[in-house]
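Please look through the sequence and the model shown below. A walk through its fold, its core and its surface comes after them.

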Amino acid sequence: MMHHLLQSSISRLYKLLFDYRNSQFIMLDQYFSSIISNLNSSYLHKSKKFLLLTELEEISLEPKVACSLGLILNELFTNVMKHSLREDYEVKVQVKLKRNEPEIKLVISDNGCQFPADFSLKNSKGLGLQLV
């Protein structure tokens with residue numbers, strides 16, 4: 001089931017990019033809103049105790065850069081949804097996107113379960129976080 005949801009979210013991500021294929025720039029806030037909405041609808045049935053807060057600044061970027069950031073957002077948001085919604089309390093997720101020239105800052109935070117104390121990215125068997 002989880003594998004199917006992951007494939008579905010990635011295929012929707014590429015469909016969104018395909019829709020922007022002739023654009024020189026992608027509005028990152030709109031692109032991110034679409035990604036979040038798609039992922040949220042995939043996982044929302046699992047829990048009614050979920051609060052999503054977004055602060056997405058209007059930012060336009062080249063499609064190649066937007067794609068990379070979209071993959072990062074997809075991975076981190078999927079991890080939050082996959083691991084945090086198992087808890088018996090309300091999960092609050094915040095997604096913030098801001099530009100501080102010359103940088104763009106993407107923050108994804110939640111109050112869900114944390115990494116185990118002995119977690120090491122170097123020893124992680126999953127590819128997702130290594131991509132991030």
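The paragraphs below go from the overall layout to the strands, the core, the charged pairs and the surface.

The model is a predicted one. Its chain holds four helices and five strands, and along the sequence these elements follow the order α-β-α-β-β-α-β-β-α. Of the 132 residues in the chain, 33% are buried. When contacts between residues at least 6 apart in sequence are considered, 72% of them join residues at least 24 apart. The chain exposes about 8,600 Å², and 53% of that area is supplied by carbon and sulfur atoms.

Strand 4, residues 91–100, is a convenient place to start, as it pairs with strand 2 and with strand 5. Strand 2 covers residues 50–56 and runs parallel to strand 4, with seven bridges joining the two. Within this pairing, Leu52 stands opposite Val93 of strand 4. Strand 5, residues 103–110, is antiparallel to strand 4, and eight bridges hold this pairing. Here Lys96 has Val107 of strand 5 as its bridge partner. Strands 4 and 5 make up a hairpin, with two residues between them. Pro102 lies in the loop that connects these two strands, and the peptide bond leading from Glu101 to Pro102 is cis, with omega near 0°.

The next topic is the interior. The largest nonpolar core contains 21 residues, and the ones with the most contacts inside it are Leu28, Tyr31, Phe32, Leu73, Phe77, Val93 and Val95. At least two residues of this core come from each of helix 2 (28–43), helix 3 (63–84) and strand 4. Val93, which stands opposite Leu52, is thus met again among the core residues with the most contacts. Val95 is another of these. Leaving out residues up to four places away in sequence, Val95 touches a set that includes Leu52, Leu53 and Thr54, as well as Leu106, Val107 and Ile108. Ile36, Leu73 and Phe77 are also among the residues that Val95 touches.

Charged side chains come next. Side chains of opposite charge can pair when their charged atoms come close. With a limit of 4 Å between a side-chain nitrogen of Lys or Arg and a carboxyl oxygen of Asp or Glu, the count is two salt bridges. In one of them, the side chains of Lys98 and Glu55 meet at 3.7 Å, N to O. This pair links distant parts of the chain, since Lys98 belongs to strand 4 and Glu55 to strand 2, with their positions 43 residues apart in sequence. Lys98 has a relative accessible area of 37% and is partly exposed; Glu55, at 40%, is partly exposed too. The other salt bridge is formed by Glu101 and Arg99, whose closest N and O atoms are 3.2 Å apart. Glu101 counts as exposed because its relative accessibility is 61% and the cut-off for exposed is over 50%. Arg99, with 27%, is partly exposed. Glu101 is also the residue from which the cis peptide bond leads to Pro102.

Which residues form a nonpolar patch on the surface? They are Phe115, Phe119 and Leu121, and together they have about 290 Å² of accessible area. Phe115 sits in the loop between strand 5 and helix 4 (128–131). With a relative accessible area of 53%, Phe115 is exposed.

How values were computed:
Residues are numbered from 1 along each chain as its sequence is written. This is a predicted model: local features need pLDDT of at least 70, side-chain atom pairs count only at pLDDT 80 or more; totals for chains, interfaces and linings use all residues. Side-chain values use heavy atoms; hydrogens and water are left out. Two strands pair if DSSP finds at least two bridges between them. Patches are made of residues with over 30% relative accessible area and no salt bridge: like charges are joined within 9 Å, nonpolar side chains (Val, Leu, Ile, Met, Phe, Trp, Tyr) within 5 Å. Accessible areas come from the Shrake-Rupley method with a 1.4 Å probe; for residues, only the protein chains shown count as cover. Buried means under 20% relative accessible area, exposed over 50%, partly exposed in between (1.4 Å probe, protein chains only). A nonpolar core is a set of buried Ala, Val, Leu, Ile, Met, Phe, Trp, Tyr and Cys residues joined through side-chain atoms within 4.5 Å. Contact means heavy atoms within 4.5 Å.
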